[in-house]
Amino acid sequence: MDTVLDVLGTIAEGLGNAALMAYEVWWALVLGFFVSAVVQAWVPRERIEASLSGGGPRPVALATALGSASSSCSYAAVAIAKSLFQKGASAASALAFQFASTNLVWELGLVLWILIGWQFALAEFAGGLVMIALMALALRAFVSPRLEARAREHALEADTGHQHHAAGSPLPLAQRLRSAAAWSDVAHNFRGDWQMLWKEIGLGFLIAGFVGLLPMDAFNVLFVTDAPGPVQTIENVVVGPLIAVLSFVCSVGNVPLAAVLWSGGISFSGVIAFLFADLIVLPILAIYRKYYGTAFTLRISALMLVTMIAAALLIDALFGAVGLIPGVRPSADDVFGSIDLDYKLVLNAIALAGFAALIALTRRTGATDPVCGMTVDRDKAVTLEEDGRTVYFCSEHCRHAYVTGGAPAHAAH
């Protein structure tokens with residue numbers, strides 16, 4: 001009986017950890033997917049192509065600025081980058097956006113500052129810029145123009161389908177803000193992204209919740225802590241991203257674990273590399289594969305891993321040279337919080353209300369595609385009259401699959 005209670009207690013604790021992690025980033029997820037929905041629904045393709053296409057400094061800088069003003073959640077950043085890439089942004093710009101939105105946002109820096117010191121917040125921001133520069137310089141060594149073009153085609157094919165008839169509204173912004181139809185476009189894009197990714201996101205939180213139950217020794221045995229400085233630095237900076245991959249956490253959500261690693265004796269470079277690696281955790285790699293195909297996923301994952309390690313080493317060397325590596329480490333008890341009456345509770349409540357309002361709007365104006373299961377706007381959907389009733393589809397592809405009895409490539413959302 002005691003064994004059963006212990007198992008149930010462990011399960012409850014793991015689920016509690018997952019819930020707390022989801023609570024930590026819920027508002028950022030909703031905000032990120034909302035921004036992605038607005039981009040898909042309201043921003044004309046021509047404007048995106050004009051500002052973010054190409055691999056030169058200007059579009060990459062613009063994508064960096066856009067990312068730093070966006071959501072801090074890795075999953076939401078990937079969703080927005082996908083929509084930018086579909087609309088003509090280059091791979092360099094899309095990746096720059098992802099790096100910026102997960103490393104250069106104020107909320108991430110604030111959490112880092114509070115938990116483990118301003119030096120880590122500064123290192124996160126400086127390292128994010130270094131990663132973007134290294135990525136832009138090294139992109140063509142990993143991704144050819146032909147592979148990038150194939151990845152864009154795959155992204156358009158693998159899209160949720162809800163973008164086909166809602167994107168690029170020609171109305172001026174002031175009219176869109178007052179237009180029920182324009183907000184319906186946003187709502188259907190918002191719901192479509194959630195329908196496509198909720199399983200990957202939920203699985204990531206669940207695994208992270210149970211990984212968090214492991215004793216610190218399970219992590220510390222992977223890191224060299226008593227070797228000469230250069231050996232420890234190199235080993236830690238390589239293993240740090242591997243720990244991040246196994247922990248399945250988002251950018252803000254991985255800060256508590258980073259703080260625990262720092263309190264347990266991991267090197268500065270190892271913690272920084274761990275923080276950088278949230279864009280290559282396994283659920284996000286699965287999302288990349290769904291969006292862009294296997295070949296492009298493998299290439300950009302290798303590119304990101306190399307730039308993360310290189311940036312962590314450069315930042316460690318720079319901060320060490322000027323004496324900015326902290327000498328005091330927090331205890332493990334200092335890094336975990338709880339649900340309190342604070343700004344996160346307010347933001348999460350607002351996000352929940354916004355989420356409910358957008359989903360409700362899709363229920364009022366939407367219909368379900370019988371092939372892929374997506375919710376589509378009845379006013380913009382592809383239709384088929386059958387036995388006196390109207391059947392609604394996200395695209396011609398799904399209607400063709402329905403008529404012929406086949407299944408489209410993007411049906412498994």
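Start by selecting helix α4 (residues 74-86) and helix α15 (residues 282-292), whose axes come within 11 Å and cross at roughly 15°. This is a predicted model. Angles under 35 degrees count as roughly parallel, and α4 and α15 are therefore roughly parallel to each other. Their crossing is right-handed.

Next, show the side chains where these helices touch. On α4, select Ser74, Tyr75, Val78, Ala79, Ala81, Lys82 and Phe85. On α15, the residues in the contact are Pro283, Ile284, Ile287, Tyr288, Tyr291 and Tyr292. Coloured by class, the contact of α4 with α15 shows eleven nonpolar, one polar and one charged residues. An α-helix has 3.6 residues a turn, so residues three or four places apart point the same way.

Move on to helix α16 (residues 294-321) and put a distance label between its end C-alpha atoms, which are 41 Å apart. How does this compare with the span that 28 residues should have at 1.5 Å a residue? The expected span is 40 Å, so the distance in the model agrees with it. Just after α16, select Gly323, which takes a positive phi of about 75°.

Last, select strand β3 (residues 382-386) together with strand β4 (residues 389-393). The strands β3 and β4 pair in the antiparallel sense, over five bridges. To see one position across the pair, pick Glu385, which stands opposite Thr390 in β4. β3 and β4 form a hairpin, with two residues between them. In the turn, select Asp387, which has a positive phi of about 55°. In a regular strand the side chains alternate between the two faces of the sheet.

Definitions and conventions. Residues numbered from 1 in each chain as written. Predicted model: local features only at pLDDT ≥ 70, side-chain atom pairs only at ≥ 80, totals over all residues. Heavy atoms only, no water. Axes fitted to C-alpha atoms, helices over the stretch in contact; angles between N-to-C directions. Helix = DSSP H or I, 4+ residues; strand = E, 2+ residues; numbered from the N terminus. Parallel < 35°, antiparallel > 145°, perpendicular 65-115°, else oblique. Left-handed = near helix turned anticlockwise from the far one by under 90°. Contact = heavy atoms within 4.5 Å. Nonpolar A, V, L, I, M, F, W, Y, C, P; charged D, E, K, R; others polar. Pairing = 2+ DSSP bridges. Expected span 1.5 Å × (residues − 1).
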